Amino acid sequence: RRYPTVEVRAKTFNGSTHVPVPEDEAFLKALLFELRLTDQNFVEYRDTCTRLDTSPVYSVRIEAGDLWPVVAFQKSDLIYACLPLVEQALNPRPPILSISGIPQGLDLLTGILDYISPSRKNEAELSARVGQLWNLLLQACPLGTPLQTNLRSLNSSFDDIQDFSTHTDPKQPAWRTNTYKGKPHVNVCISEKVKCMQYDQRDIMDVWQVYGTVTCKCDIEGAAPNVTLSLNLPSNGSPLQDFVVHHCVTSLDSAMLMSSSIDTSDDSAFSGPYKFPFIPPSDSFDLCSYTSQVPVPPILGRYQLNEEGSQFKFLVNLKLHESIKNAFDYCEARLPFLNRGPITHLEYKLSYGQLDLSREKSLLVWVIGQKFPKSLEISLSGTVTFGPKTEETPTDIICIGNTAYVKVYFRIPDFTLTGCYVDQHSVQLFSPGKPKINSSRELISYDYYIWNSKASAPIMYKTLFT
């Protein structure tokens, strides 16, 4: 979908330096190249280590120059992309965190993803939903500005569009598509994902980082109710950084906007409370997202894999940090054996949990369960023998030789690694009636790798964005 009015505004901001959006085919070709989907060979300007990875925000090189910022991500063989308007000059490039169009565009793409995803397994339904997108975008983003990002709540026909303005209060913001009648309820969920790379080597630095999202659902009467929600940290909590907020937020403390993980020279950090005054949309929405650098990862691990003749010996040690809540929804460690044939012989010894072999005989699943033992330490050791490779053998271009990993999966309810929480008494509602406040928290593993310390592994010294 193209918006000529937005392109005119972009040209006004940038004048002679403006890079026009090319035709669809040329844009797609350039985007696929930037995402490394058409040419995986090393390209200096795209793949150099000196270039910061700011995905999902990309600079797409076309014949007329560089298109920036392009927000794009791939999910289930589909690419979702948009080019947000930057309401200022692009030369020099402004900081990503100062561009409000980026979170708005990402929010809209996420809404399209949520609308498309349920139909991925049915080609007919997928085609029908894609065909309805034009009508839905006419309502959700009529003139290029996202007014409603929950596409599921929109009508895919034009029946109610003409009468839309006659049923709304003039004070009602465009993102509140309907009014609620009943007792006020506010539901808040803080979901933190921890990303980790552990190497167990003296000369390689382990890295880990937390990515948090605060999701809200506010059922409140009124055309434009005002809500203030505060995120709090305990005295030993890890400061929150890199805030991206929903466009319904009416104001922010400047200290929150200045708290960035990119500026490593600044030792000062804002520890809250983090206040968000906002006029909530009618449906569930992500109020904000953030990152945080916590002092220790929740689970420390060691993985050793050695080849001895026709056998491979392995050892895995895991330790839950004493500050982590020892109550999981699930916890397991997976040991994939890639670029090798199926496992023909397995001997093992484990101190806790149970070990399963996958049907394809290329993956060991160590089911730890819902709790670590009192010692908080567990171990698994054994030997495996592999048969000849087949066409079904799982392959990987990184895990060659003894380069291998353990990937840890877990979820801890009612817990956050930063300590971040919502005090129910800090939720202020400027509307009639006493609201019912429900808050929940969770910590989930995300790309939690423990690499074989007896072999080389991909190294990443600092994470900026995902």
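How does the radius of gyration of the protein chain, with 466 residues, sit against that of a compact globule? A globule with 466 residues would come out near 23 Å, and the protein chain has 25 Å, so the two agree. Keep in mind as you click around that this is a predicted model.

**Whole chain**

Start zoomed out. Along the principal axes, the C-alpha atoms fill a box of roughly 75 × 55 × 50 Å. Switch to cartoon and you'll have six helices and 20 strands to look through.

**Colour by domain**

Now give each domain its own colour. Domain 1 is 4–155. Domain 2 comes in pieces, so to speak: select 185–194 + 201–293 + 417–441. Domain 3 is 299–414.

**Where domain 1 meets domain 2**

Hide domain 3 for a moment. The centres of domain 1 and domain 2, taken over C-alpha atoms, are 26 Å apart. Eight residues of domain 1 touch eight residues of domain 2. Together the two domains bury about 680 Å², with 58% of that on carbon and sulfur atoms. Next, show Leu97, Pro103 and Asp107 as sticks: they supply 56% of the area that domain 1 buries against domain 2, more than any other three residues. By class, the domain 1 side of this contact has three nonpolar, four polar and one charged residues. Don't go hunting for salt bridges between these two domains, as the count is zero. For polar contacts, the count is one residue pair, both at pLDDT 80 or more.

**A salt bridge on a helix**

Over the whole structure, a search finds 14 salt bridges. For one of them, select Arg129 and Glu125, whose side chains meet at 3.5 Å, N to O. Both residues belong to helix H5 (residues 123–140), and they are four residues apart, about one turn of the helix.

**Backbone oddities**

Two stops here are cis peptide bonds. Go to Ser55 and Pro56: the bond from Ser55 to Pro56 is cis, with omega near 10°. Pro56 is in the loop between helix H3 (44–47) and strand S1 (57–62). Then move along to Trp68 and Pro69, where the peptide bond is also cis, this time with omega near 0°. Pro69 is part of strand S2 (residues 65–75).

For the last stop, where does Arg36 lie? Look in the loop between helix H2 (24–34) and H3. Check its backbone too: Arg36 has a positive phi of about 60°, although it is not a glycine.

Methods: Residues numbered from 1 in each chain as written. Predicted model: local features only at pLDDT ≥ 70, side-chain atom pairs only at ≥ 80, totals over all residues. Heavy atoms only, no water. Domains from an automatic or database assignment. Contact = heavy atoms within 4.5 Å. Buried area = accessible area lost by both parts, 1.4 Å probe. Salt bridge = Lys/Arg side-chain N within 4 Å of Asp/Glu carboxyl O. Polar contact = N/O pair within 3.5 Å; in protein donor to acceptor, adjacent residues only side chain to side chain. Nonpolar A, V, L, I, M, F, W, Y, C, P; charged D, E, K, R; others polar. Helix = DSSP H or I, 4+ residues; strand = E, 2+ residues; numbered from the N terminus. Rg over C-alpha atoms; globule rule 2.2 N^0.38 Å.
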